[in-house]
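This report looks at how two protein chains are arranged and how they meet. Please keep the structure in view while reading.

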Amino acid sequence: MSKATEHLSKIKHSLAGRNRAEARFRWYGRIAIFIGLAAVAVLFGDIINKGHGAFRTTYINLDVSYDQDLIGVNNLADSEQLSAGNWDALTKSALRAKFPNISGRSDKRRLNNLLSNGAGFDLKDRLLESPQLLGKTESVWMLADDDIDTYYKSWLAGEAYAARLSDKQVIWIGELHQQGLIKLQFNSNFFMRGDSREPEQAGILGAAIGSFLTLIVTLMLSFPIGVCAAIYLEEFAPKNRWTDFIEVNINNLAAVPSIIFGLLGLAIFINFFHVPRSVPLIGGLVLTLMTLPTIIITSRAAIKSVPPSIREAALGMGASRYQVVLHHVLPLALPGMLTGAIIGMAQALGETAPLLMIGMVAFIVDIPSGFSDPATVLPVQIFLWADSPERAFIEKTSAAIMVLLSFLIIMNTSAVWLRKRLERRW
Amino acid sequence: MQTINILFLLFGLGLFGFYLGRGRSRAIANPLGGIRQLHSLPSYYGLHTALWCALPSLFILGFWLIFNEALINSIVMSSVPIDIAPIDTASYNLLLNKVTNIASGVMPRDGQGAGVVNAADSLSSLRVTSRWSMTLLLLVLAMAGLFWGWYKVSVDFRARPAVEKVMQNLLLGCACLAIFTTVGIVFSVLFESIQFFRTVPIYDFVFGLEWSPQTAIREDQVGSSGSFGAVPLFVGTLLVSAVAMFIAVPVGLMSAIYLAEYASKNVRTFAKPALEILAGIPTVVYGFFAALTVAPFLRDLGNSFGVSISSESALAAGGVMGIMIIPFISSLADDVITAVPQSMRDGSLAMGATQSETILKVVIPAALPGIVGGIMLAVSRAIGETMIVVMAAGMAANLTANPLDSVTTVTVQIVTLLTGDQEFDSPKTLAAFALGLMLFTVTLMLNIFALHIVKKYREQYE
């Protein structure tokens, strides 16, 4: 056998193995992509599975008699009387009227625990809304306690979780269910209220508004500053060490861990400049510094994509360099810059760690109404609820995550849409 | 007047200045034969006037906002009677808080000493005086600027270059903000760290094997001396990052290779954005997923095999972090793989190599520097990741290399030490800044090195 044929047969023999290796390699690639996609699916499935229940909550229907003596209020205009009023007595008496055969201190307490301890105040609000009800009786759907809510939902789903309930409470709920006096209803509290220690009364409105205010501060600062910096670096910066240094700094800041920006905010803004803690203003300042590199980098890319011929034409017509940039380059680059800004805002909306450092982690019930009101933001609210021991908060947390993710999806798709719609190919 | 109102007022004055300057330039030019007689367009005269009107006042306002409070506080504090005068920083801050709270009406005035109440009163009156004099000064300054800008308008005045000069400086200032931020970060962590290293020697911090930052509240408390040996934190951080990399590198790299070299256009247009969803999910969501789904799942899985897995294991936190980093690696690797010139692939295929052989022996070696750079950026990301580990990793500083155990990381400790209320200059909070310094230094070095490699690689094929 000659050397050539020997080589040939060697190659032929190895060919099957090499083709197998090729097929294996392709499968590794497919498996890797499958793992990635499965992670997306599992993550979303898990969150939706855990959280979908929170959009409905349990209400119990009882006949409430707005007895003046019971509450201790006979004049609804008297604010002192209102705040001293015994509103819980309304819910207690309504429950007692529904289940008259209950005696014993602990049973009474369990009975009262059927309703949320905020139910009395809801009745107060109702009474203030329609004062003619004072002294009358009406049947009202009232918010149930979170343990009852958890049990009722799990019981409806066929896998009753009664660990936090007494046997009697389970029986009462069964009776109420038979009479159609307990039902699931859209959970408006979740969208209309601030945080609370009681899961059934806790809502995300406070956090959502806090996020909104923080993002406004971030956008107002980071977009103009980022665009100005990008214009300078792309159009006017001389090529020297100083601009190189600026560029290295921007690229590095884009990769600095976000928690470091929190430390910066704590040391400089809070301890040095005495900006108050926990307010959207400082949150926005810190997030501005954090998102600035992203916005600068995308804005520069947008400016770069404007062809030089446009600049040359404008210069040829006698425009100054600033007129070239302001009248021609900037309008053409704006869609790209806006896309970058939206992506930067989405990043800022999901950020948690630096905000923990500057005190936005406080428990805040009130809904913030300004940039210097104490506030928290959606991701921090999620963090706080995830840390709470009550089982009902798991559902709330997942639902809050769903809200946060929907905001992010809206922002990112609008960025993609904007890019597709407004982008010009040269 | 409120600061925001002052800003609105200045803005309004600036706008007025704009129209004034523009109108005057036109009025001057018209009798001479139209605006072509002017050096610049009328709007530049307007801008020039507006800038003279608003900019100096804005500068003064900025300085005032920064220094006003500190100045007033120091005046008030130096005037308190000698019997309640503070002796050290802590009592100084305490007294200052008390005075400010009384002045703003948060604390009742009754039952406080006369000295404190007097100080609060003088604080309030100083604040009012300062604010009004400030407003007055700003208005006078704005009017003067307005007049000066108005006065300067003439046929020969070169308004455009003057305005553009101001704009140039403004743009430069914005660009330099990146440098200020870096400097700010360095100073903020460095100063506190130096203070920390005065109480805890740097050697003990970097090489100490025990971490228990609980310092005594009372002198006689047991076991609360506080030891700040950060080695367990470093090991824990590395362990979690290693687990994350163990998942993210193979998956990210292989999916990048498949998408770049094998996948049809349809698969690519679907799978690429789908994978990038992972990059857009907030870390707090991953943290929740790790703590409430993955960790219990792993624990139960371990139990069914008779292995005890901690419910705060490094495996759960690291695994979820790995999932988070997959798109990061895959998009960086995708960039560098597609940057490898097609001619190199064609050459290898023409020699009879299979596609996988071409990838493994030609494309990957050619793209290696870029891939390594990308992985280093990912490592720096994993080290600095906070929320996943805060929610899913433990608090106890165990010195272990077992991923089934619970470990704690640098970022977890920074968050634990700094959330909650404590004295700002206690060793506990200062330790957080020392950890921040370590974190910043390490990630900075990784980033600079990685960015350098990636940049160099890009130039190679451009």
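## The interface as a whole

In this predicted model, about 6500 Å² of area is buried between chain A and chain B, and 79% of that area comes from carbon and sulfur atoms. The size of an interface is often expressed in this way, as the accessible area that is lost when the parts come together. On the side of chain A, the residues F25(A), L43(A) and Y322(A) provide 11% of the area that this chain buries against chain B, which is more than any other three residues provide.

Counted by residues, the contact draws 73 from chain A and 77 from chain B.

## Helix α1 of chain A against helix α7 of chain B

One place where the chains meet is the packing of helix α1 of chain A, residues 3-51, on helix α7 of chain B, residues 231-262, where the axes lie 8 Å apart and form an angle of about 115°. Angles from 65 to 115 degrees count as roughly perpendicular, and α1(A) and α7(B) are therefore described as roughly perpendicular to each other. Their crossing is left-handed.

From α1(A), the residues in this contact include F25(A), Y28(A) and I33(A), while those from α7(B) include M254(B), Y258(B) and Y262(B). Sorted by class, the contact of α1(A) with α7(B) holds 11 nonpolar, 2 polar and 3 charged residues.

## Helix α12 of chain A against helix α15 of chain B

A second helix pair joins α12 of chain A, residues 258-270, with α15 of chain B, residues 427-461; their axes come within 10 Å and cross at roughly 135°. The helices α12(A) and α15(B) are therefore oblique to each other, and the crossing of this pair is left-handed.

The contact is formed by I259(A), I260(A), L263(A), L266(A) and A267(A) on α12(A), and by A432(B), F433(B), G436(B), L439(B) and F440(B) on α15(B). Which classes do the residues of the contact of α12(A) with α15(B) divide into? There are 9 nonpolar residues and 1 polar residue, with no charged residue in the contact.

## Domains within each chain

The domain assignment divides chain A into domain 1 (3-52), domain 2 (56-200) and domain 3 (205-422). Between domain 1 of chain A and domain 2 of chain A, the distance from one C-alpha centre to the other is 58 Å.

For chain B, the assignment gives domain 1 (3-157) and domain 2 (227-461). The centres of domain 1 of chain B and domain 2 of chain B, taken over C-alpha atoms, are separated by 49 Å.

Notes
Residues numbered from 1 in each chain as written. Chains lettered and ligands numbered in written order. Predicted model: local features only at pLDDT ≥ 70, side-chain atom pairs only at ≥ 80, totals over all residues. Heavy atoms only, no water. Domains from an automatic or database assignment. Axes fitted to C-alpha atoms, helices over the stretch in contact; angles between N-to-C directions. Helix = DSSP H or I, 4+ residues; strand = E, 2+ residues; numbered from the N terminus. Parallel < 35°, antiparallel > 145°, perpendicular 65-115°, else oblique. Left-handed = near helix turned anticlockwise from the far one by under 90°. Contact = heavy atoms within 4.5 Å. Nonpolar A, V, L, I, M, F, W, Y, C, P; charged D, E, K, R; others polar. Buried area = accessible area lost by both parts, 1.4 Å probe.
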